[in-house]
Amino acid sequence: MLKLNFPAYTFRFKNSENKVSIFDEIRKKFIILTPEEWVRQHVVHFLMYEKKYPKSLINVEKVLTVNGLRKRYDVVVFNSDGTIHILVECKAPEVKISQATFDQIARYNMTMQARFLNVTNGLNHFYCQMDFENEKYEFLRNLPDYKENH
């Protein structure tokens, strides 16, 4: 797999039926290794090991309903009260991050109301903080580190 723009992490892999799988610490199972999954696993490790978010507050690949349509999010970090702190959209490394990618995550976020958004293809990372009052977002250099009672 391609080297991504993240710190180096140790992952567990297994091979079965000519497919490589990677162990997901959040879902606690092996997942078929696709380019997007490679990015997602790096994001999860980044959140846990660099940003210090507790594993218990991180959720991966769940379905949500947006305007009556079923959508799947990549990674969510919850606040301890169950509200959503960070919404992450992962793309495969060859997918260019565009305005359309941001529009997609912003639409998801109308329902989810995350305070921070992260869009990444593993090579380029974009972070922003929502300003719901003025219906806009501001780009950040990085995501905030975990703090109790944020």
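**Note on the predicted model**

1. In this predicted model, strands β8 and β9 make a hairpin in which four residues lie between the strands, and Glu-135 in the turn has a positive phi of about 50°. The two strands pair in the antiparallel sense over five bridges. Met-130 is placed opposite Tyr-137 in β9.

2. Strand β8 also pairs on the β7 side: β7 and β8 run antiparallel and are joined by five bridges. Their hairpin has four residues between the strands, and here Gly-122 takes a positive phi near 90°.

3. Asn-118 belongs to strand β7, residues 116–120, and its bridge partner in β8 is Tyr-127. Asn-118 has 3% relative accessibility and so counts as buried, the cut-off being under 20%. Setting aside residues up to four places away in sequence, Asn-118 touches Leu-87, Val-88, Glu-89, Ile-105, His-125, Phe-126, Tyr-127 and Leu-143.

4. A second asparagine, Asn-142, is located in the segment after β9. Is Asn-142 buried or partly exposed? Its relative accessibility is 34%, so Asn-142 counts as partly exposed. Beyond neighbours within four places in sequence, the contacts of Asn-142 are Phe-46, Lys-51 and Tyr-127. Tyr-127 is also among the residues that Asn-118 touches. The C-alpha atoms of Asn-142 and Phe-126 are 7.9 Å apart, although 16 residues separate the two along the chain.

5. The largest pocket has a volume of about 150 Å³. Which residues line the largest pocket? They are Ala-106, Met-110, Gln-113, Met-130, Asp-131, Phe-132, Glu-135, Lys-136 and Tyr-137. By class, the lining comprises five nonpolar residues, one polar and three charged. At least two lining residues come from each of α2 (99–112), β8 (125–131) and β9 (136–140). The list includes Met-130 and Tyr-137, the pair that stand opposite each other in β8 and β9. Glu-135 is also in the lining, and this is the turn residue of the β8 and β9 hairpin with the positive phi.

6. Gln-113, another of the lining residues, sits in the loop between α2 and β7. Its phi is near 60°, a positive value in a residue other than glycine. Most residues other than glycine have a negative phi. With 40% relative accessibility, Gln-113 counts as partly exposed.

7. Lys-52 is a further non-glycine residue with a positive phi, here about 65°. Lys-52 is in the loop between α1 and β4 (58–66). At 54% relative accessibility, Lys-52 counts as exposed, since the cut-off for that class is over 50%.

8. Towards the start of the chain there is an open sheet of three strands, in the order β1-β2-β3 and with antiparallel pairing. β1 (13–16) and β3 (29–32) are the edge strands; each has a single partner, so one side of each is left without a neighbour in the sheet. On average, neighbouring strands of this sheet are turned by 40° against each other, direction ignored.

9. Within that sheet, β2 (residues 19–24) and β3 pair in the antiparallel sense over four bridges. Asp-24 stands opposite Lys-29 in β3. Helix α1 (residues 35–50) lies across β1, β2 and β3 and runs at about 20° to β2.

Note on methods:
Residues are numbered from 1 along each chain as its sequence is written. This is a predicted model: local features need pLDDT of at least 70, side-chain atom pairs count only at pLDDT 80 or more; totals for chains, interfaces and linings use all residues. Side-chain values use heavy atoms; hydrogens and water are left out. Two strands pair if DSSP finds at least two bridges between them. Axes are lines fitted to C-alpha atoms, for helices over the stretch in contact, and angles run from 0 to 180 degrees between N-to-C directions. Contact means heavy atoms within 4.5 Å. On a 1 Å grid over the protein atoms alone, a cavity is a set of points where a 1.4 Å probe fits but cannot get out, and a pocket is an open set with protein on both sides within 12 Å along at least five of seven lines; lining residues have an atom within 4 Å of a point. Grid points are joined across faces, edges and corners, and a volume is the space filled by probe spheres set on the points. Ala, Val, Leu, Ile, Met, Phe, Trp, Tyr, Cys and Pro count as nonpolar, Asp, Glu, Lys and Arg as charged, and the others, Gly among them, as polar. Buried means under 20% relative accessible area, exposed over 50%, partly exposed in between (1.4 Å probe, protein chains only).
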